[in-house]
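Visitor: I'd like to learn how to read the internal cavities of a protein model. Could you walk me through them?

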Amino acid sequence: MRNQGRPHLSLWNACSSAIQPLRPAFSRQATFMWFATIVVGMMVRSERRGVTSIIRALNLRSNHYNSLRKNFHSSAIELGWLTVLWAQVVLRIFTNPVRVNGRLVLVGDGIKVAKRGKKMPAVKLLHQQSNCSTKPEYIMGHSLQAIALLVNAVSSVFAVPLAIRIHEGLVWSNRDKRTLLDKMLALIQTLMITGPYYFVADAYYAAGKMVNGLLKQGSHLVSRVKSNAVAFLPAEPQNGPRKRGRPKRYGKKIKLKSLLADVKSMEELVSPVYGEHGVKIRYRVRDLLWRPVGQLVRFVAVVHPTRGLIVLMTTDLSLGAIDIIRIYGLRFKIEHTFKQAAHQIGLFAYHFWMMDMRPLRYRNGNQYLHRMSDHYRDQVRRKIHAYHVFMQAGAIAHGLLQYLATEFPKLVWASFGSWLRTIRPGIPPSEFVVENVMRETLPDFLVNCVKTNSLAKFIVERQHADNRKIFRLAS
């Protein structure tokens with residue numbers, strides 16, 4: 001009854017309750033409280049200018065700038081454990097994740113973020129493959145890989161970010177032969193998701209190393225294959241006495257793009273792709289031996305009337321063609337999450353400099369550190385840790401906005417003080433709408449919950465005393 005007439009207080013209490021289980025990842029209570037403050041600041045800020053925008057959004061005193069900045073670099077934050085706890089929180093607070101055959105659906109992809117700082121570790125020259133003419137072919141920046149969990153949101157689907165890391169630009173040892181595929185597998189393992197899942201990715205990840213790594217975890221890959229990929233029919237049994245040597249395993253070679261020929265002989269169905277209604281597609285299913293993994297793999301050739309031709313694959317032979325097409329059709333959701341993270345959350349708006357770093361040259365490649373001093377290497381690790389903590393805080397803020405939109409849509413709309421021309425029924429509020437609600441209701445939350453909520457008390461005690469009244473009336 002306390003929150004009757006103030007539905008936004010229920011939103012803030014739900015948000016605070018979701019942050020609290022992350023406490024074991026911090027060795028000090030003050031570090032955890034500052035991190036929670038950063039997450040709240042990222043949820044409500046209206047500008048994307050790094051640490052200073054958090055200070056302004058929460059009306060904090062300017063002398064707390066260094067406290068915020070140092071928090072990102074703090075050794076009291078166990079980043080790996082924080083990532084595990086966040087994944088556990090996501091699986092608990094989102095009541096309706098996307099499941100196929102009882103398995104969760106994870107989506108992974110890479111993103112390149114432009115950075116021109118000459119004293120920012122891991123910045124290198126990156127090539128962008130895109131059909132968009134507004135994207136430059138080469139940029140200086142950070143190369144990252146991310147993993148998200150697909151969750152149902154009324155009649156829509158969200159890709160909730162779980163983890164994101166910088167995976168290129170630094171070479172710690174000349175004996176390190178890990179590729180981006182190895183690092184993506186390691187990132188998946190850090191989540192410590194115990195149940196089986198499908199990992200959905202683009203054609204870059206359709207490789208034997210990726211498939212074998214997932215199979216060891218009891219999971220499967222759903223991906224697109226490259227246009228020049230080939231597979232094999234099983235070898236025909238030999239007649240007569242057995243010859244010397246290993247029995248033949250692979251039979252006739254088949255170019256996978258040949259599965260797209262003879263469209264009329266394909267089966268037809270109504271497209272299960274997200275957002276499409278009444279569109280008919282044609283498909284063909286073949287189980288063939290794929291040499292990178294040495295076992296049968298299911299391939300699905302799809303002919304779409306507007307999207308063109310595509311060949312999909314999965315290592316799960318029990319997965320039907322309709323489910324394969326539907327799952328891969330949701331892969332774009334992580335790209336939408338990247339867009340929201342960049343423009344709405346400011347997840348990539350970090351710019352911490354390493355003052356002792358050797359300045360980078362333009363069009364610089366990888367930075368080799370195996371001959372550098374231990375002190376220099378530790379400084380680089382400290383700065384990369386700060387980048388990752390900043391992005392993890394942004395991922396948590398983004399996930400909490402999606403959580404409120406998914407689980408409390410009626411409360412969000414009831415607290416929305418602005419105007420939209422069209423509010424579509426069955427569509428959850430966007431991150432933009434939830435962010436506006438949390439920004440407008442933050443002063444009321446701090447005033448009414450300062451005695452009952454430790455996070456509200458922590459923020460209020462560090463606000464400008466002179467401007468506190470103005471801040472409360474801002475909404």
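Visitor: How do the residues of the lining of the second largest cavity divide into nonpolar, polar and charged?

Guide: Happy to help, and do keep in mind that this is a predicted model. The general idea is to sort the lining residues by class, and here the second largest cavity has three nonpolar, four polar and two charged residues in its lining.

Visitor: Which residues line the second largest cavity?

Guide: Val157, Phe158 and Ala159 are among them, together with Lys333, His336, Thr337 and Gln340. Gln402 and Glu431 also line this cavity. S5 and H9 are the elements that give two or more residues to the lining, and H9 gives the most, with four residues.

Visitor: How much space lies in the second largest cavity?

Guide: About 40 Å³. In total, the structure holds two cavities of 30 Å³ or more, and the largest one has about 100 Å³ of space.

Visitor: Which residues are closest to the centre of the largest cavity?

Guide: Of its 15 lining residues, Ala146, Pro161, Ile164, Thr337 and Phe338 are the closest to the centre. Strand S4 (138-153), strand S5 (156-166), helix H9 (332-345) and helix H10 (374-407) are the elements that give two or more residues to this lining.

Visitor: And what does the lining of the largest cavity have by class?

Guide: We can sort it in the same way: the lining of the largest cavity has 13 nonpolar and two polar residues, with no charged ones. The second largest cavity, for its part, has two charged residues in its lining.

Technical notes
Residues are numbered from 1 along each chain as its sequence is written. This is a predicted model: local features need pLDDT of at least 70, side-chain atom pairs count only at pLDDT 80 or more; totals for chains, interfaces and linings use all residues. Side-chain values use heavy atoms; hydrogens and water are left out. On a 1 Å grid over the protein atoms alone, a cavity is a set of points where a 1.4 Å probe fits but cannot get out, and a pocket is an open set with protein on both sides within 12 Å along at least five of seven lines; lining residues have an atom within 4 Å of a point. Grid points are joined across faces, edges and corners, and a volume is the space filled by probe spheres set on the points. Ala, Val, Leu, Ile, Met, Phe, Trp, Tyr, Cys and Pro count as nonpolar, Asp, Glu, Lys and Arg as charged, and the others, Gly among them, as polar.
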